[in-house]
Amino acid sequence: MSQLGWQKSSFSSGGEGNCIELAAATPYRIHLRESDRPDEITTPTPRALAHLLRTVKGGSLSR
């Protein structure tokens with residue numbers, strides 16, 4: 001999957017390795033990975049990705 005065009009989040013900070021990267025696999029699939037673990041890739045369903053984005057935007061994630 002190294003041939004994919006990975007993009008970092010615009011909210012990623014510096015070179016600390018705490019970045020989420022995205023790559024379009026097909027028009028209906030997007031891969032996600034953490035920049036410090038590039039071999040661990042997840043491909044959520046469109047519904048699951050939409051839920052994740054709503055949760056992140058809503059600020060309801062907890063540590």
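Helices and strands here are DSSP runs, with at least four residues for a helix (H or I) and at least two for a strand (E), numbered from the N terminus. On that basis, the elements of the protein chain run β-β-β-β-α from the N terminus on, giving one helix and four strands. The model is a predicted one.

As for burial, 21% of the 63 residues of the protein chain count as buried. The accessible surface of the chain adds up to about 5,300 Å², and carbon and sulfur atoms hold 53% of that area. Turning to contacts, take those in the protein chain with a separation of 6 or more: 12% of them come from residues 24 or more positions apart.

The helix, α1, spans residues 46-58, and T55 is found in it. Buried means under 20% relative accessible area, so T55, at 16% relative accessibility, counts as buried. What does T55 touch once its neighbours within four places in sequence are left aside? The partners are S60 and L61.

Aromatic rings make for a short list when it comes to pairing, since the structure holds zero aromatic pairs. A ring does turn up in another kind of arrangement, though: R33 lies over the face of W6. The distance from R33 to the ring centre of W6 is 3.9 Å, and the cut-off for a charge sitting over a ring is within 6 Å of the ring centre, along with within 35 degrees of the ring normal.

Methods: Residues are numbered from 1 along each chain as its sequence is written. This is a predicted model: local features need pLDDT of at least 70, side-chain atom pairs count only at pLDDT 80 or more; totals for chains, interfaces and linings use all residues. Side-chain values use heavy atoms; hydrogens and water are left out. Rings of Phe, Tyr and Trp (its six-membered ring) pair if their centres lie within 6.5 Å; planes under 30 degrees apart count as stacked, over 60 as edge-to-face and the rest as tilted. Buried means under 20% relative accessible area, exposed over 50%, partly exposed in between (1.4 Å probe, protein chains only). Contact means heavy atoms within 4.5 Å. Accessible areas come from the Shrake-Rupley method with a 1.4 Å probe; for residues, only the protein chains shown count as cover.
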